[in-house]
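The following is a walk through one protein model, from its strands to the charged side chains that link them. Please have the sequence and the coordinates open.

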Amino acid sequence: MHINFPLLLVIAVAVTGLLALLDYIWFAPQRRRAVASYQSQVQVADPGALQRLNKEPLLVEYGKSFFPVLAVVLILRSFLVEPFQIPSGSMKPTLEVGDFILVNKFAYGIRLPVLETKVIPVGDPQRGDVMVFRYPNDPRINYIKRVVGLPGDRIGYADKQLSVNGEVVQRELLRTISDDEVPAGHPLQALAQVDIYLEQLGEEAHEARYKRLSQTPPAREWVVPEGHYFMVGDNRDNSNDSRYWSAPEMPQELWGMVPDNYIVGKAFAVWMHWPEPKLSNLPSFSRVGLIN
């Protein structure tokens, strides 16, 4: 079951704000009039009676207490920064399972919460950005991948090599490591290795991971429509991304494409790492840093 937390937060802010407003324009004046009437009828006011007359209804008291806190949270996560947890290894080695990241919500424009409508343009995604977005085949789910294709780009993937507008993405082999995604006891565990490359995609270089024993997918090419983006995970042989998405209800030219209104924000930092199972592990801050 997917919980629409932004919608719940908006509703909570609206309800608590309404209670605070009702208290300001209706209940508080009534309390003040009751106190004034009582004080005019006695020579010495009883502190207990004044406290009872001034007491806010319990629902109003809770609403006024929670409203500023919820409003601040709504503003922060809707327009400034929102935290996310990495649930899969599709962005290894850049992001590991259990990383807690921060996402800049205004880097690509100010958007209304829930509606996700851009109201103030600020900037556009750049090639090489690590971006959080809503999965096109199920917008209730947030995905995180790297921006490879911008509107109008021609993206190719052949022999495990990315190309952008006919130019091969430059890469340099950094190291070869054992494939930790192969289950223990697998007959190929000793042979399974992963090549880590340094790729130059956009202005920043980043690391990408390629399995030596994985099958090479057939060569394909895509043209990114206007207002859309082509997303690929850094764990190239274990990432559900634009190369594989399809949906029968969509035009084929939109398969794998992320529309602009599905963008959540730009991932820019890891602030904590807490692997599963959380009850058996302690949070770690060894991976804290900016995301390339």
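The paragraphs below take the strands in turn and then the salt bridges.

The model is predicted, and local features are described where pLDDT is at least 70. At the start of the chain, helix H1 covers residues 5–41 and includes Ser40. Ser40 is exposed, with a relative accessible area of 60%. A polar atom of the Ser40 side chain lies 2.6 Å from the backbone oxygen of Ser37.

Next come two hairpins that share a strand. Strand S7 (residues 154–158) and S8 run antiparallel and are joined by four bridges. Within this pairing, Ala158 stands opposite Gln161 of S8. Two residues separate S7 from S8 in the hairpin, and Asp159 in the turn has a positive phi of about 55 degrees. The second hairpin is formed by S8 and S9, again with two residues between the strands; in that turn the positive phi, about 55 degrees, belongs to Asn165. S8 and strand S9 (residues 167–168) are antiparallel and joined by two bridges, with Val164 partnered by Glu167 in S9.

In a regular strand, side chains alternate between the two faces of the sheet. For strand S8 (residues 161–164), both faces are covered: Gln161 and Ser163 are buried on one side, and Leu162 and Val164 are buried on the other.

Further along, three strands form an open sheet in the order S10-S11-S12, with antiparallel pairing. Its edges are strand S10 (171–178) and strand S12 (204–211), each of which pairs on one side only. From one strand to the next, the twist averages 25 degrees. Strand S11 (residues 193–201) pairs with S12 over eight bridges in the antiparallel sense, and one bridge sets Val194 against Lys211 in S12.

Lys211 also belongs to a network of salt bridges, together with Lys92, Asp179, Asp180, Glu181 and Arg209. One salt bridge joins the side chains of Arg209 and Asp180, with an N to O distance of 3.1 Å. This pair links distant parts of the chain, 29 residues apart: Arg209 is in strand S12, and Asp180 is in the loop between S10 and S11. The two ends differ in exposure: Arg209 is buried at a relative accessible area of 3%, whereas Asp180 is exposed at 54%.

The whole structure contains 28 salt bridges. Another of them joins Arg111 and Asp260, at 3.5 Å from N to O. Arg111 lies in strand S3 and Asp260 in the loop between strand S15 (257–259) and strand S16 (263–273), so the pair ties together parts that are 149 residues apart in sequence. Arg111 is buried, with a relative accessible area of 5%.

Strand S16 takes part in a further link, since Asp129 lies in the loop between S4 and strand S5 (130–134) and Lys266 in strand S16, so the pair ties together parts that are 137 residues apart in sequence. The closest N and O atoms of this salt bridge are 3.9 Å apart. Asp129 counts as buried at 12% relative accessibility, and Lys266 as partly exposed at 30%.

What of a buried charge that has no salt bridge? Glu116, in the loop between strand S3 (110–111) and strand S4 (118–120), is such a residue: the nearest side chain of opposite charge, Arg134, is 5.3 Å away. A salt bridge requires the two atoms to be within 4 Å, so this separation does not qualify. Leaving out residues up to four places away in sequence, Glu116 touches Arg111, Arg134, Asn261 and Ile263.

Key
Residues numbered from 1 in each chain as written. Predicted model: local features only at pLDDT ≥ 70, side-chain atom pairs only at ≥ 80, totals over all residues. Heavy atoms only, no water. Buried < 20%, exposed > 50% of the residue type's maximum accessible area, 1.4 Å probe, protein only. Polar contact = N/O pair within 3.5 Å; in protein donor to acceptor, adjacent residues only side chain to side chain. Pairing = 2+ DSSP bridges. Axes fitted to C-alpha atoms, helices over the stretch in contact; angles between N-to-C directions. Lys, Arg positive; Asp, Glu negative; His and termini not counted. Contact = heavy atoms within 4.5 Å.
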